[in-house]
Amino acid sequence: MNKSIEFRNCKNTFMAKNKLNFALTALLQILVTAVTISLAYVLMVVVQSMEQKDTAMFFQSLIYIGIIMVSFLLFSTLLKTIKNNYIKKALAQFKKYIFKKILDKSVGEFSGELSGKIISLFSNDLNSIELNYLSGTIMIISYIFMFIVTIAAMALINVTIMLCVLGICIIPVLASLVFGKKLMKKEKETSIENEGFIEQIRDLLGGFYVIKSFKAEKEVINLFGNQNFILEEAKRGRRDANDIMTMTAQLSSVLVLVVILILGIIFIFQETMTIATVIACIQLSNHVVDPTKFLLPLITNRRAASVLINKIADVVEYHEDTGEKTKISRIDNSIKLSELTVKYEKDKVALKNVNLEFKKGKSYALVGGSGSGKSTLLKLLMGYFNDYQGTAKYDDNEIIDIDLDSLYDVVAVVQQNVFLFDKSIKDNITMFKEFTEEEIDQAVLVSGLSSLISEKGMEYTCGENGCNLSGGEKQRVSIARCLIKGTPVLLMDEATASLDNATAFQVENDILDMDMLTRIIVTHRLQEQLLNKYDEIIVLKDGALEEQGGFDNLMNAKGYFYSLYNVANANANANDNAHLAKEVK
Ligand code: ADP
Ligand code: MG
């Protein structure tokens, strides 16, 4: 997509069904400004009435003051309400749009780095956008109006004074031009450093237990300190640029006052001005300096906020051009891999020249040592890789060409690392979708959750990332979550590793007993009774297919599987013996 279109899409969300609010806000802001400026005129009339000792004129000016106060109160109250509505709606719509766009991304496009960016965006960047872009735009409109009207009013009173004041206004304008660029650069820098800072906090807090148990507090505080310092340094640069611009503006406002006073005295002596008109000029000068003081920083800040919106547009709108994808809804025959090679990095081969066929409705056990490529194979089947050599097909459809949305209707995976939302067990199983009681009960039963549910109930809250449940309970919830989806292909990656032997046996056994399900199950618990139930055992070694076949065949071959089996069972026996020894004690 064209970059400027992305940017416009992002900005349009501020305005969607919000244009009237925006227009009214701008109008009311202009009215409030107009009322404030008109105070100079009233002041002039009051002083004139004093000069001329004209009581009628004085009372008339009192009426003006009354009108001004009432209108000010009315307009500013309305302004407050409508402006806040405008900003509320704009921000809520914008955030929803961003979040939706993020969820539109594919698994391949998402990364840890991206999530740091997005969290920073929701905290730091949105504040800046609210202040500098949304409120900023209104203020810019109001200050432009204020500047033009005030200069015109001054010109009506005395052209020389107006020209001198205009001349002085060039100072803050120049300062903004020079330091505005720096401000924008610093704004972007702050945003980038903030991303890094937030990413680091998440990372360090995620490892809280590890830090404590390895007594790494001091080292971690140093890590924190470095990034903290870099961020604050960037923010200081931003503040410096802002301060210089404010300082020059303050200087010019003092200059304007001095010039008006000097010229005013000269003109009063020359009798070309009265005290009343000089006072009106002084009152008006406030409204000249304010725009020059604020207008350029506002414009610069608004441009800086635009840069942020651009950055957000880049993050959320970017999609890899993946071309037309095939939609699938089932498998008819098999999943077939031919001469499949998968690499993480250039020289990091995780699977090499693998040839395999997983037939519909059959069960496959995937075994092999740690790092042999089991998880990689499952990831490939889930479509996580955009690049591989050889072919990998669901029936006749090459995985790389399959629309992932449709692939996930066909295949589900229970992963080693379980993620649970801080919602009820039921929500975590159904993933917030509607299922019948029977469907839920069945998933609960097969995943071995029945006793947990009868103890805690379906509405039990799982806690942040499931912290209210044990590792085994979390795994069972994630198994139930996959089973209830009812996909024809089920992948499991050491999904029963945290379960006790008996529960693990029961869960795996029940899953192997299910009808019409194609199963590829990574397992490290090598139990004869279960292994016998698989149609085929696939043995990987260093990313290559080492052996495949039924349990008895592989045992008789006395090859790699045979030794894996013996090692696993020797360990298991040793564990059992250790248990027994403990109990005997
Ligand atoms: P298994 O699940 O059998 O233990 P994996 O499929 O996870 O093995 O890993 C296979 C190989 O790929 C290992 O050598 C591992 O170090 C490497 N690997 C796994 N994940 C990544 C990754 N995200 N980036 C780089 N290398 C990886
Ligand atoms: Mg693994």
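In which strand does Val 539 lie? In this predicted model, Val 539 belongs to strand β9, which spans residues 536-541. The residue is buried, its relative accessible area being 0%. When residues up to four places away in sequence are set aside, its contacts comprise Val 367, Ala 544, Leu 545, Glu 546, Glu 547, Leu 554, Tyr 560, Phe 561 and Leu 564. A separation of 20 Å is found between the C-alpha atoms of Val 539 and Phe 505, two positions that lie 34 residues apart along the chain.

The nonpolar interior was examined next. The largest nonpolar core comprises 46 residues, and those with the most contacts inside it are Ile 429, Ile 511, Leu 531, Ile 537 and Phe 561. Helix α14, formed by residues 471-485, supplies the largest share of this core, namely 6 residues. A second core, separate from that one, contains 35 residues, among them Leu 381, Tyr 394, Leu 407 and Tyr 408. With neighbours within four places in sequence left aside, Leu 531 is in contact with Ala 365, Leu 526, Ile 537, Phe 551, Phe 561 and Tyr 565. Phe 561 is thus listed among the contacts of Leu 531 and also among those of Val 539.

Helix α12 covers residues 437-446, and its buried residues are Ile 440, Ala 443, Val 444 and Val 446. These buried residues pack against four helices: α11 (425-430), α13 (450-456), α14 and α15 (501-513). Gly 448, which follows α12, adopts a positive phi near 75 degrees.

An open sheet is built from 4 strands in the order β2-β1-β4-β5, with antiparallel pairing. Strands β2 and β5 (397-398) occupy the edges; each has a single partner strand, so one side of each is left without a neighbour in the sheet. Strand β1 (residues 334-343) is joined to strand β2 (residues 349-359) by 7 bridges, and the two run antiparallel. Within this pairing, Val 342 has Leu 351 of β2 as its bridge partner. The connection between β1 and β2 is a hairpin with 5 residues between the strands.

Strand β1 also pairs in the antiparallel sense with strand β4 (residues 389-394), over 5 bridges. Two of the bridge partners in β4 may be specified: Gln 389 is the partner of Thr 341, and Lys 393 is the partner of Lys 336. The antiparallel pairing of β4 with β5 rests on 2 bridges. Here Lys 393 stands opposite Glu 398 of β5, so that Lys 393 faces Glu 398 in β5 and is also the bridge partner of Lys 336. The hairpin of β4 and β5 has 2 residues between the strands, and in it Asp 395 takes a positive phi near 50 degrees.

Attention then turned to the helices α4 and α5. Helix α5 runs from residue 159 to residue 206 and contains 48 residues. The distance from its first C-alpha to its last is 67 Å, close to the 70 Å expected at 1.5 Å a residue. A bend of about 40 degrees is found in α5 at Phe 179. The N-terminal end of this helix is capped by Asn 158, a side-chain oxygen of which lies 2.9 Å from the backbone nitrogen of Thr 160.

Asn 194 is also located in α5. With a relative accessible area of 10%, Asn 194 falls under the 20% limit and therefore counts as buried. Its contacts, not counting residues up to four places away in sequence, are Ser 120, Ser 123, Asn 124 and Leu 231.

In helix α4, which spans residues 112-157, Thr 150 was considered. Its relative accessibility is 0%, so Thr 150 is classed as buried. Residues up to four places away in sequence being excluded, Thr 150 touches Ile 37, Leu 284, His 287 and Val 288. Thr 150 in α4 and Asn 194 in α5 are therefore both buried, at 0% and 10% respectively.

Definitions and conventions:
Residues are numbered from 1 along each chain as its sequence is written. Chains are lettered from A and ligands numbered from 1 in the order in which they are written. This is a predicted model: local features need pLDDT of at least 70, side-chain atom pairs count only at pLDDT 80 or more; totals for chains, interfaces and linings use all residues. Side-chain values use heavy atoms; hydrogens and water are left out. The expected span of a helix is 1.5 Å times one less than its number of residues. The bend at a residue is the angle between axes fitted to the seven residues ending there and the seven starting there. A polar contact is a pair of N or O atoms within 3.5 Å; within protein, one must be able to donate a hydrogen and the other to accept it, and residues adjacent in sequence count only if both atoms are side-chain atoms. A nonpolar core is a set of buried Ala, Val, Leu, Ile, Met, Phe, Trp, Tyr and Cys residues joined through side-chain atoms within 4.5 Å. Buried means under 20% relative accessible area, exposed over 50%, partly exposed in between (1.4 Å probe, protein chains only). Contact means heavy atoms within 4.5 Å. Two strands pair if DSSP finds at least two bridges between them.
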